[in-house]
Amino acid sequence: MKKLAILGSTGSIGQSTLKIVSLYPDRFDVELLAAAYNISLLSKQIKQFNPKIVAVMTEDGASQLRTLLKGYTCPEILIGESGYIDAASNEKADIVFLAMVGAAGLRPALAAIDAKKTIALANKETLVMAGDIVMSKAKENNVRIFPVDSEHSAIFQCLQGNRQKDFKKIFLTASGGPFRKKKLSEFGSITPEDALNHPNWSMGNKISIDSATLMNKALEIIEAVHLFDVSAESIEVLIHPQSIVHSMVGFKDGSVIAQMGIPDMKGAISYAMSLPERLDIGVEFPDFSTLKNLEFEKCDNEKFPSLNFAFEVCKKGGTLPAVMNAANEVAVEAFLDMKISFPAIYNIISKCLGKHNNIDKPDLSGIIEADRWARETALSLI
Ligand code: MG
């Protein structure tokens, strides 16, 4: 029986993870759940999966939860960031799913690594902010980090059975989001509703906006650099509107291995839960005969400057990736609140990167300070 802790259980990844657990109740036991704000869904998950411990963000959330669980055995409730950290490092779990959104994932991730848990990582911001620290700590503690991002799971799967030294290139695919064909001159009138309408994937709000701006791909470049210990220059982003090829790896001999499937996160999640075994999770194969073609094209960096940001911050390193991430989080929130336009997201990130005094080889406190600085700076620009 594998014992799971799922941090971010009410989000899209958390819910899909629990769906897989419910298909294989004899293999997986949910010991801990953490959810920041969706207390009513959390209470339903508690009733279904009986975790021993849960974590929520606020006292308010905790008391709401107690009310909703009247008549049930209430699990132990941990509160706040320290509650999340305790949940991530709790002795009851073997695998910790880090599926919360944004920079909030960093400290729990480090706590889970310190506690030598196997990590299923859906929170890419953790690696973007502090990839060097996270990966070296993981190495030190002999901790395995399994990617739960469709592209990185694909790359990870393509690398299985191959030698790192034969690796040459990553082809990181991107759907192109809802505005691939939109004219740059029309970007100013994009509404949050337009941007949330992703053509292929159903995801949470933040990542849907990140997909529309292609900032998601920018974050994924940095994520791949750390996860697979490769240079940013060895990564080529390809727009692949069908989202069937989740990414590809090229080797020295000119061979390219692709991982394919219909766009459903359950594939990447279940692989992290059970590898090398593959679980039957009821996901169909792509219907290749009706698909007809799989297209690949270069990204338009003038329309979508995100990839330029990623390559720039990878080159310069230091605290810049954390600044890019934090500025993006603040800008996305402001866009969702209709305080800024869609193109302003890029302007805010660009200005924050330009203004930042980069710190080389930062420690954790340096990264957290850069994150704080970028949020404050981005807010002042809004
Ligand atoms: Mg992805």
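Trainee: Before we look at the metal site, what counts as a donor of the metal here?
Mentor: Donors are N, O and S atoms within 2.8 Å of the metal, and since water is not among the atoms, sites may look incomplete. Please keep in mind as well that this is a predicted model.

Trainee: Understood. Which residues are the protein donors of the magnesium ion?
Mentor: They are Asp149 (OD), Glu151 (OE) and Glu220 (OE), and they lie 2.0 to 2.1 Å from the ion.

Trainee: What spacing do these donors follow along the chain?
Mentor: The spacing reads D-x1-E-x68-E. Distant parts of the chain are linked in this way, with Glu151 in helix H7 and Glu220 in helix H10, 69 residues apart.

Trainee: Are Glu151 and Glu220 buried or exposed?
Mentor: The relative accessible area of Glu151 is 8%, so Glu151 is buried. Glu220 has a relative accessible area of 1% and is therefore buried too. The cut-off for buried is under 20%.

Trainee: New topic: pockets. How much space lies in the largest pocket?
Mentor: The largest pocket holds about 1000 Å³ of space. Its lining consists of 49 residues, and those nearest the centre are Ala99, Met100, Val101, Gly204 and Ile207.

Trainee: Which element gives the most to that lining?
Mentor: Helix H9 does, with 5 residues. Elements that give two or more residues also include helix H1 (12-23), helix H6 (124-140), strand S8 (167-174) and strand S10 (245-251). Helices H7 (150-159) and H10 (215-228), which hold Glu151 and Glu220 respectively, are among these elements as well.

Trainee: How do the lining residues divide by type?
Mentor: There are 20 nonpolar, 21 polar and 8 charged residues in the lining.

Trainee: And why does the pocket lie between domain 1 and domain 2?
Mentor: The pocket lies between them because domain 1 (2-147) and domain 2 (152-264 + 294-316) both give residues to its lining.

Trainee: Let us turn to Cys314. Where is it?
Mentor: Cys314 is in helix H13, which covers residues 306-316. Its relative accessibility is 25%, so Cys314 counts as partly exposed.

Trainee: What does Cys314 touch?
Mentor: Leaving aside residues up to four places away in sequence, Cys314 touches Ile221, Ile222, Val225 and Ala232. The C-alpha atoms of Cys314 and Ala218 are separated by 10.0 Å, while the two residues are 96 residues apart along the chain.

Trainee: One last residue: where does Ala115 lie?
Mentor: Ala115 is in the loop between helix H5 (106-114) and strand S6 (118-121). With a relative accessible area of 30%, Ala115 is partly exposed. From Ala115 to Leu364 there are 18 Å in space, C-alpha to C-alpha, and 249 residues in sequence.

Technical notes
Residues are numbered from 1 along each chain as its sequence is written. This is a predicted model: local features need pLDDT of at least 70, side-chain atom pairs count only at pLDDT 80 or more; totals for chains, interfaces and linings use all residues. Side-chain values use heavy atoms; hydrogens and water are left out. On a 1 Å grid over the protein atoms alone, a cavity is a set of points where a 1.4 Å probe fits but cannot get out, and a pocket is an open set with protein on both sides within 12 Å along at least five of seven lines; lining residues have an atom within 4 Å of a point. Grid points are joined across faces, edges and corners, and a volume is the space filled by probe spheres set on the points. Helices (H or I, at least four residues) and strands (E, at least two) are DSSP runs, numbered from the N terminus. Ala, Val, Leu, Ile, Met, Phe, Trp, Tyr, Cys and Pro count as nonpolar, Asp, Glu, Lys and Arg as charged, and the others, Gly among them, as polar. Domain bounds come from an automatic or database domain assignment. Donors are N, O and S atoms within 2.8 Å of the metal (3.2 Å for Na, K and Ca); water is not among the atoms, so sites may look incomplete. Buried means under 20% relative accessible area, exposed over 50%, partly exposed in between (1.4 Å probe, protein chains only). Contact means heavy atoms within 4.5 Å.
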